[in-house]
Amino acid sequence: MDTASADFEESLLRFYEVLLAIPEELRRWSHSPFALNPESAEGFFELIQQVQARTKLPPALKGQIVGPLTFGTTLRDQDGKANFL
């Protein structure tokens, strides 16, 4: 995260505008910039394909992703300083 870049504040504002608009647009969730897609979640889509290819479906299926808190604690700025306090 480059907090010193000239467009950092504008980009952050755009991010939160999109984030806050999601509840009003749940019916178009698949068009959200936060939606999973094969380019950013290749493993998830491979898991789905593998399960669908089985002749006998498993009784349960568990997938796991990094949550927002865990991910947030890994973010660092251009100087290596943690962005999560």
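Colleague: What makes up the fold, in helices and strands?

Modeller: The protein chain has 3 helices and 0 strands. Along the sequence the pattern reads α-α-α. Keep in mind that this is a predicted model.

Colleague: How many of the 85 residues count as buried?

Modeller: The share is 9% of the 85 residues. The cut-off for buried is under 20% relative accessible area. The chain exposes about 7,700 Å², and carbon and sulfur atoms supply 59% of that area.

Colleague: What share of the contacts joins residues 24 or more positions apart?

Modeller: Such pairs account for 27% of the contacts with a separation of 6 or more.

Colleague: Why is the pair Glu10 and Arg14 called a salt bridge?

Modeller: The closest N and O atoms of Glu10 and Arg14 are 2.8 Å apart. The rule asks for a side-chain nitrogen of Lys or Arg within 4 Å of a carboxyl oxygen of Asp or Glu, so the pair qualifies. Side chains of opposite charge can pair when their charged atoms come close. Both residues lie in helix H1, 4 residues apart, about one turn of the helix. By this rule the count for the model comes to 1 salt bridge.

Colleague: Why is Arg14 called partly exposed?

Modeller: Its relative accessibility is 42%. Partly exposed runs between the 20% and 50% limits, so Arg14 belongs there.

Colleague: How do you know that Asp77 has no salt bridge?

Modeller: The nearest side chain of opposite charge is Lys81, at 5.7 Å. The limit is 4 Å, so Asp77 and Lys81 do not count as a salt bridge. Asp77 is nevertheless buried.

Colleague: Where is Asp77 found, and what does its side chain reach?

Modeller: Asp77 sits in the segment after helix H3 (68-72). Its side chain reaches the backbone nitrogen of Asp79 at 2.8 Å. The limit for a polar contact is 3.5 Å, so the distance falls within it. Leaving out residues up to four places away in sequence, Asp77 touches Met1, Thr3 and Asn83.

Colleague: What makes Phe34 partly exposed?

Modeller: Phe34 has a relative accessible area of 31%. That value lies between 20% and 50%, so partly exposed is the right label. Phe34 lies in the loop between helix H1 (8-21) and helix H2 (42-52).

Colleague: Which residues form the nonpolar patch on the surface?

Modeller: Leu12, Phe15, Tyr16, Val18, Leu19, Leu20 and Phe34 form the patch. Together they have about 590 Å² of accessible area. Patch residues need over 30% relative accessible area, so Phe34 at 31% passes that cut-off.

Key
Residues are numbered from 1 along each chain as its sequence is written. This is a predicted model: local features need pLDDT of at least 70, side-chain atom pairs count only at pLDDT 80 or more; totals for chains, interfaces and linings use all residues. Side-chain values use heavy atoms; hydrogens and water are left out. Helices (H or I, at least four residues) and strands (E, at least two) are DSSP runs, numbered from the N terminus. Buried means under 20% relative accessible area, exposed over 50%, partly exposed in between (1.4 Å probe, protein chains only). Lys and Arg count as positive and Asp and Glu as negative; His and the chain ends are not counted. A polar contact is a pair of N or O atoms within 3.5 Å; within protein, one must be able to donate a hydrogen and the other to accept it, and residues adjacent in sequence count only if both atoms are side-chain atoms. Contact means heavy atoms within 4.5 Å. Patches are made of residues with over 30% relative accessible area and no salt bridge: like charges are joined within 9 Å, nonpolar side chains (Val, Leu, Ile, Met, Phe, Trp, Tyr) within 5 Å. Accessible areas come from the Shrake-Rupley method with a 1.4 Å probe; for residues, only the protein chains shown count as cover.
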